[in-house]
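Open the model in your viewer and keep the sequence panel beside it. This tour proposes a series of selections, going from single residues out to the whole chain and back to a ligand.

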Amino acid sequence: MSCDRLWRGARLAMMTGGKGDPLGLVGDGIVAVADGRILWAGPAADAPGFAAGEVVECGGRWITPGLVDCHTHLVHAGNRTGEFVARLGGADYAAIAEAGGGILATVRATRAADEAGLVAQSLARLDALLAEGVTTVEIKSGYGLTLADELKMLRAARALAGLRPVGVTTSLLAAHAVPPEFRGAGIASPADAYIDHVIAAMLPAAAGLADAVDAFCETIAFSPAQIDRLFTAARAHGYAVRLHAEQLSDQGGAELAARHGALSADHLEHLGDAGIAALARAGTVAVLLPGAYYFLREIKAPPVAALRAAGVAMAVATDLNPGTSPLASPLVAMNMAAVLFGLTPDECLTGMTVTAARALGLGGRIGVLRPGHDADLAIWDIDHPHDLVCRIGPNPLWRRIFKGQDT
Ligand code: NIG
Ligand code: FE
């Protein structure tokens, strides 16, 4: 059999495993790639003979699928370190938001930036993710909140994929906060009026620029009824949906997300039993974001044991954003998921690969070392994949491969 490139002498964490071997570990493995896709991956002993254009000797290093960061707000402008300092002094995130800071502070900075400036500011954050083995990243809008500024953010996110070897998937998060121009001004329900505008103007205009529609279900953002209207319209336009749910309080957001067949419900610190059951029934992925929990110094962790018992798949992401999670490190996010939330190291690793891919609706293409999948690989100088969860620094990435090419 002929292939373009072949990696051998590697240990593999294929992420194909089931019970007893969730990581799909292989002691002496081979990965063969042709036309940017995996042609064959598995134990050397089972491999067919390959005529390879190039052979890479891995010297016992570990190959995993490239990491998938399935929840980020990495395109944004501005700086909210002042809020971090204020929170350390006792200020409350919700109170800062109600006073026009928080998300709206980043909205002001992002509106003031042009598309090229946004791209330039965001590249450094993207590069930090790539340096730790990320090969696919989800990027949300949500700091524009006007049609023009939301589209500008989505175009900036798409542009990043042309500047770096990385897969980018986008979510329209117009329903992130009620914009200032809808507040007051004699409008009876500013949030409802804004949702009407998102439905009428933004959903049609973002076709092709956004892969999914996201929203923030919270007392300081939008109600389940408002998001129900948005998601009904979004699905009619053919968008997948996902939701920031139960981050600060239990709003029944996870049940709403499940009812709409959402790809994921994210955060979930305040998730209750009804929400867990709904996610399990719908097959909606629970995306856990320990960075936001950590930076907000929350004390109520998501109900990981109950999610596990109910069979809800759990993903882990950085939530990289300027306010609640200025964290551009997937490896630290995995460490936090283990230490703060009690995920097992195996759950952290599947949560940043195979399950994260599912949360993006890309489970058939990335996240697993499987023939036909994109040849997106991370090769690590480690003794065991658990090292990726156990340590904070130094960065053990040896090579990052995107669609078969070294990057
Ligand atoms: O995922 N929860 C809402 N949105 C973001 C943070 C927004 C912000 O504070 O800028 C999050 O935590
Ligand atoms: Fe978020």
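A residue counts here as buried if 20 or more other C-beta atoms lie within 10 Å of its own, as exposed if 12 or fewer do, and as partly exposed in between, with the C-beta atoms placed from the backbone. What you see is a predicted model, in which local features need pLDDT of at least 70 and side-chain atom pairs count only at pLDDT 80 or more, while totals for chains, interfaces and linings use all residues. Residues are numbered from 1 along each chain as its sequence is written, and chains are lettered from A and ligands numbered from 1 in the order in which they are written.

**First selection: His 71.** Select His 71, which sits in the loop between strand S6 (67–69) and helix H1 (81–88); helices (H or I, at least four residues) and strands (E, at least two) are DSSP runs, numbered from the N terminus. His 71 is buried, because 32 other C-beta atoms lie within 10 Å. Leaving out residues up to four places away in sequence, His 71 touches Glu 138, Asp 266, Val 287, Leu 289, Ala 317 and Asp 319, where contact means that the two C-beta atoms, placed from the backbone, lie within 7 Å.

**Second selection: the annotated site.** Add the other positions that UniProt, in an unreviewed entry, lists under "binding site", so that the selection holds His 71, His 73, His 244 and Asp 319; such annotations may be inferred rather than shown by experiment. These positions are spread over 249 residues of sequence, yet they cluster in space, with a largest C-alpha distance of 12.3 Å.

**Third selection: His 244.** Is His 244 buried or exposed? With 31 C-beta neighbours inside 10 Å, His 244 counts as buried, and its place is in strand S10. Apart from neighbours within four places in sequence, His 244 is in contact with Asp 214, Ala 215, Phe 216, Cys 217, Asp 266 and His 267.

**Fourth selection: Gly 238.** Move back along the chain to Gly 238, in the loop between helix H7 (224–236) and strand S10 (240–245). Gly 238 is exposed, because its C-beta count within 10 Å is 8. If you also select Gly 363, the two glycines are 125 residues apart in sequence and 19 Å apart in space, C-alpha to C-alpha.

**Fifth selection: the domains.** Colour domain 1 (2–65 + 368–406) and domain 2 (67–360), bounds that come from an automatic or database domain assignment. Their C-alpha centres lie 30 Å apart, and the contact takes 19 residues from domain 1 and 21 residues from domain 2. On the side of domain 1 that touches domain 2, strand S5 (62–65), helix H15 (387–390) and strand S15 (397–402) each give two or more residues, with S15 providing the largest share, 3 residues.

**Sixth selection: the whole chain.** Zoom out to the protein chain, which has 15 helices and 16 strands, and of whose 407 residues 56% count as buried. The C-alpha atoms fill a box of roughly 75 × 45 × 45 Å along the principal axes.

**Last selection: ligand 1.** Which residues are closest to ligand 1? Of the 14 residues that surround the ligand, the closest are Ile 103, Ala 292, Asn 321, Gly 323 and Thr 324, a residue being near if its C-beta atom, placed from the backbone, lies within 6 Å.
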